[in-house]
There are 2 protein chains.
Amino acid sequence: MRTLDHPSKDEMRLDTVLAALADPVRRTVACKLNDAFGDHACATFELPVSKSTATYHFRTLREAGVIRQEYEGTKIMNTLRKDDLDARFPGLLDAVFAAQDIEKPTS
Amino acid sequence: MRTLDHPSKDEMRLDTVLAALADPVRRTVACKLNDAFGDHACATFELPVSKSTATYHFRTLREAGVIRQEYEGTKIMNTLRKDDLDARFPGLLDAVFAAQDIEKPTS
DNA sequence: TTGGTAGTACGAAATTCATCGTAGTAAAGT
DNA sequence: ACTTTACTACGATGAATTTCGTACTACCAA
């Protein structure tokens with residue numbers, strides 16, 4: 001079974017988290033994970049980039065600690081590490097999501 | 001009299017603000033402005049970079065809308081645009097400062 | 001076992017970023 | 001008028017980021 005490395009809560013760095021969330025493609029992923037229910041395989045995000053670029057962005061988010069990635073068959077299921085991030089940097093994620101919604105309101 | 005360009009509140013972009021705050025040197029500047037009283041000329045920050053690099057970071061912060069820069073004689077006085085940022089992206093700045101303090105507690 | 005699915009790894013190219021030194025400028029001090 | 005101060009502009013450089021295509025792999029399904 002394939003597994004992927006994730007930083008522990010304590011290993012999360014503010015530099016890295018902010019840099020991860022500064023990119024619009026990655027912020028879109030994080031926001032969608034925050035809003036949505038159900039399945040979140042990488043392919044379901046319809047990002048405006050190629051498949052290999054998408055892989056890069058998902059890896060960047062995972063290595064920053066923003067998302068968790070777990071294999072499920074050939075797919076990778078992505079979830080937001082909201083609890084861990086809230087514990088490490090309280091209020092940060094919510095402020096970013098709120099800011100995103102102000103700038104680009106959803107529907 | 002020399003003046004410098006600043007984005008209006010509405011021109012502030014989340015991408016740019018987050019990218020500005022993702023850099024440790026720039027985040028240090030913003031945090032110090034948030035904490036301190038009195039004079040804040042560029043030279044008072046004792047950053048671990050050369051003078052020309054410091055100029056670059058201050059300009060990046062100004063163009064993102066994070067700080068305001070105004071000439072006063074040969075000096076430039078820097079202030080945090082807290083009110084504007086709070087109005088545009090409520091809670092964001094405070095969350096970042098709180099996170100910074102968790103990661104690198106002041107004194 | 002053959003084929004499809006969902007993603008990764010790798011290498012390359014383009015762009016942006018962070019850094020610096022040098023030279024210059026505007027204002028203030030003497 | 002000259003010097004000092006505090007900063008900027010410019011050009012260069014190296015590092016990091018973002019992008020992509022191609023080739024590959026692990027797993028599942030028929």
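This is a short chat about a predicted model, its contacts with DNA strand D and one residue of chain B.

Me: How many residues surround DNA strand D, and which are the closest?
Reply: In this predicted model, 23 residues surround DNA strand D, and the closest are A:Thr53, A:Tyr56 and A:His57 from chain A, together with B:Lys51 and B:Thr55 from chain B.

Me: What share of the strand's atoms within 4 Å of the protein is sugar and phosphate?
Reply: Sugar and phosphate make up 67% of the atoms of DNA strand D that come within 4 Å of the protein.

Me: Which residues have a polar side-chain atom by a base nitrogen?
Reply: A:Ser52 has a polar side-chain atom 2.9 Å from a base nitrogen of DNA strand D, and a polar side-chain atom of B:Lys51 lies 3.0 Å from a base nitrogen of that strand.

Me: Which elements give two or more residues to that surface?
Reply: They are helix 3 (51–64) of chain A, along with helix 3 (51–64) and strand 2 (75–80) of chain B.

Me: And what about a phosphate oxygen, which residue is 2.9 Å from one?
Reply: That is B:Cys42, where a polar backbone atom is 2.9 Å from a phosphate oxygen of DNA strand D.

Me: How do the residues near the strand divide by type?
Reply: The surface near DNA strand D has eight nonpolar, nine polar and six charged residues.

Me: New topic: where is B:Asp5, and why does it count as exposed?
Reply: B:Asp5 is in the segment before helix 1 (14–22) of chain B, and B:Asp5 counts as exposed because its relative accessibility is 67%, where exposed means over 50%.

Me: What separates B:Asp5 from B:Pro105?
Reply: Their C-alpha atoms are separated by 33 Å, and the two residues are 100 residues apart along the chain.

Technical notes. Residues numbered from 1 in each chain as written. Chains lettered and ligands numbered in written order. Predicted model: local features only at pLDDT ≥ 70, side-chain atom pairs only at ≥ 80, totals over all residues. Heavy atoms only, no water. Near = heavy atom within 4 Å. Polar contact = N/O pair within 3.5 Å; in protein donor to acceptor, adjacent residues only side chain to side chain. Helix = DSSP H or I, 4+ residues; strand = E, 2+ residues; numbered from the N terminus. Nonpolar A, V, L, I, M, F, W, Y, C, P; charged D, E, K, R; others polar. Buried < 20%, exposed > 50% of the residue type's maximum accessible area, 1.4 Å probe, protein only.
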